[in-house]
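Okay, thanks for coming, everyone. I'll put the structure up and then walk you through the parts I found useful to look at.

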Amino acid sequence: MTSSNTTPTLAEALAAGPLVLDGGMSNQLESAGHDLSDELWSARLLAERPEAITEAHLAYYEAGADVAITSSYQATFEGFAKRGIDHDRATALLSLSVELAREAARQAREKGVTRPLWVAASVGPYGAMLADGSEYRGRYGLTVAELEAFHRPRLQVLAAAGPDVLALETIPDTDEATALLRAVRGLGVPAWLSYTVSGDRTRAGQPLEEAFALAAEADEVIAVGVNCCAPEDVDGAIATAARVTGKPVVVYPNSGESWDAASRSWDGRSTFTPLEVTGWREAGARLVGGCCRVGPEAIRGIAGAFGGRGHHGRP
């Protein structure tokens with residue numbers, strides 16, 4: 001699937017060279033003054049301030065991102081239902097998340113950005129819906145079949161909205177990865193699979209070699225890697241993902257600060273530096289960006305490290 005008749009697929013672009021992902025959606029929205037303190041996080045703005053989401057995507061595209069990740073990470077039928085949003089309206093909001101990123105790409109082109117731009121539909125873990133920090137632990141007490149049943153309906157809606165790729169992201173354990181890999185079969189949209197990790201293991205404690213191996217034979221998966229982790233966890237993950245799967249590697253760590261689920265706030269200091277991405281690229285990473293607390297300036301730095309590209313064109 002392509003963004004236009006002349007735009008290569010994301011898989012084709014990855015075969016040609018590295019690409020830049022965006023940074024944290026919530027980071028940019030909070031910087032613009034939006035309150036994201038409730039359980040729906042940035043997904044609340046899909047219903048209340050959709051134009052703010054378009055503006056956030058646009059900031060990252062203008063900063064040099066080639067791929068925008070939608071605001072659907074925490075958007076689920078169950079989560080919306082808790083807020084009194086019915087199934088039909090939730091379906092429309094999930095679709096809207098893709099449309100808003102497409103609109104931002106259109107606005108970026110109007111502003112002179114000439115390089116190809118892609119949209120990744122975010123699919124967060126079950127724990128993101130719970131909004132209790134359990135996405136950093138996994139092991140929810142559900143079977144693989146139950147997790148697949150949870151994920152499949154919104155995957156179907158997001159796929160029908162026409163993104164370039166489904167971002168199966170911040171996955172804490174292999175059970176949920178297995179469920180997601182089953183759920184994306186037959187949807188007609190490629191996916192990437194990205195774990196949240198601690199050291200050389202998933203958050204649930206499984207070896208990354210075992211975790212990445214699940215995606216090795218999945219034709220739908222065009223990239224594997226890690227996100228929402230400490231920057232220092234990236235190097236080892238790149239090597240393991242590339243060796244185990246032979247697929248392009250995606251990495252987008254946090255700033256280095258730590259999330260306190262009880263206080264819903266960040267602690268510590270940022271250790272993320274765009275200069276690190278040169279080493280990640282040399283190690284084999286092909287999709288590189290930032291997750292929580294990584295904003296447009298950092299993405300501009302990454303784009304610069306990928307050959308000094310200006311925001312209007314190719315390297």
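**The sheet and what packs around it**

Let's begin in the sheet: strand β5, residues 191-195, pairs with strand β8, residues 221-227, in the parallel sense, with five bridges between them. If you want a spot to click on, Ser-194 stands opposite Gly-225 in β8. Keep in mind throughout that this is a predicted model.

Zooming out, that pair belongs to an open sheet of eight strands with parallel pairing, in the order β1-β12-β9-β8-β5-β4-β3-β2. Which strands stand at the edges? Those are β1 and β2 (67-69); each has a single partner strand, so one side of each has no neighbour in the sheet.

Now the helices. Helix α11, residues 234-245, packs on the sheet and touches β8, β9 (249-252) and β12. The direction of α11 makes about 160° with that of β9. Then there's α12, which lies across β9 and β12 and runs at about 140° to β12.

Next up is α13, residues 296-305. Its buried residues are Pro-296, Ala-298, Ile-299, Ile-302, Ala-303 and Ala-305. As a reminder, an α-helix has 3.6 residues a turn, so residues three or four places apart point the same way. And what covers those buried residues of α13? The cover includes β1 (19-20), α2 (25-31), α4 (50-63), α12 (276-283) and β12 (285-288). Just after α13, Gly-307 takes a positive phi of about 105°.

Back to the sheet for one residue I like: Ser-122, in strand β3, residues 118-123. Is Ser-122 buried or exposed? It counts as buried, at 0% relative accessibility. The Ser-122 side chain does have a polar partner, though: it reaches the backbone nitrogen of Tyr-73 at 3.4 Å. Setting aside neighbours within four places in sequence, Ser-122 is in contact with several residues, including Ile-69, Thr-70, Leu-158 and Glu-169.

Last topic, the cysteines, since somebody always asks. How many disulfides does the structure hold? Zero. Cys-228 is in no disulfide, and the nearest cysteine sulfur to it, from Cys-292, is 4.0 Å away. For a disulfide we'd want the two sulfur atoms within 2.5 Å. Cys-228 is also buried, with a relative accessible area of 2%. Cys-291 is in no disulfide either; again the nearest cysteine sulfur is that of Cys-292, here 4.1 Å away. Cys-291 is buried too, with a relative accessible area of 12%.

That's my tour, so over to you.

Technical notes:
Residues numbered from 1 in each chain as written. Predicted model: local features only at pLDDT ≥ 70, side-chain atom pairs only at ≥ 80, totals over all residues. Heavy atoms only, no water. Buried < 20%, exposed > 50% of the residue type's maximum accessible area, 1.4 Å probe, protein only. Helix = DSSP H or I, 4+ residues; strand = E, 2+ residues; numbered from the N terminus. Polar contact = N/O pair within 3.5 Å; in protein donor to acceptor, adjacent residues only side chain to side chain. Contact = heavy atoms within 4.5 Å. Pairing = 2+ DSSP bridges. Axes fitted to C-alpha atoms, helices over the stretch in contact; angles between N-to-C directions.
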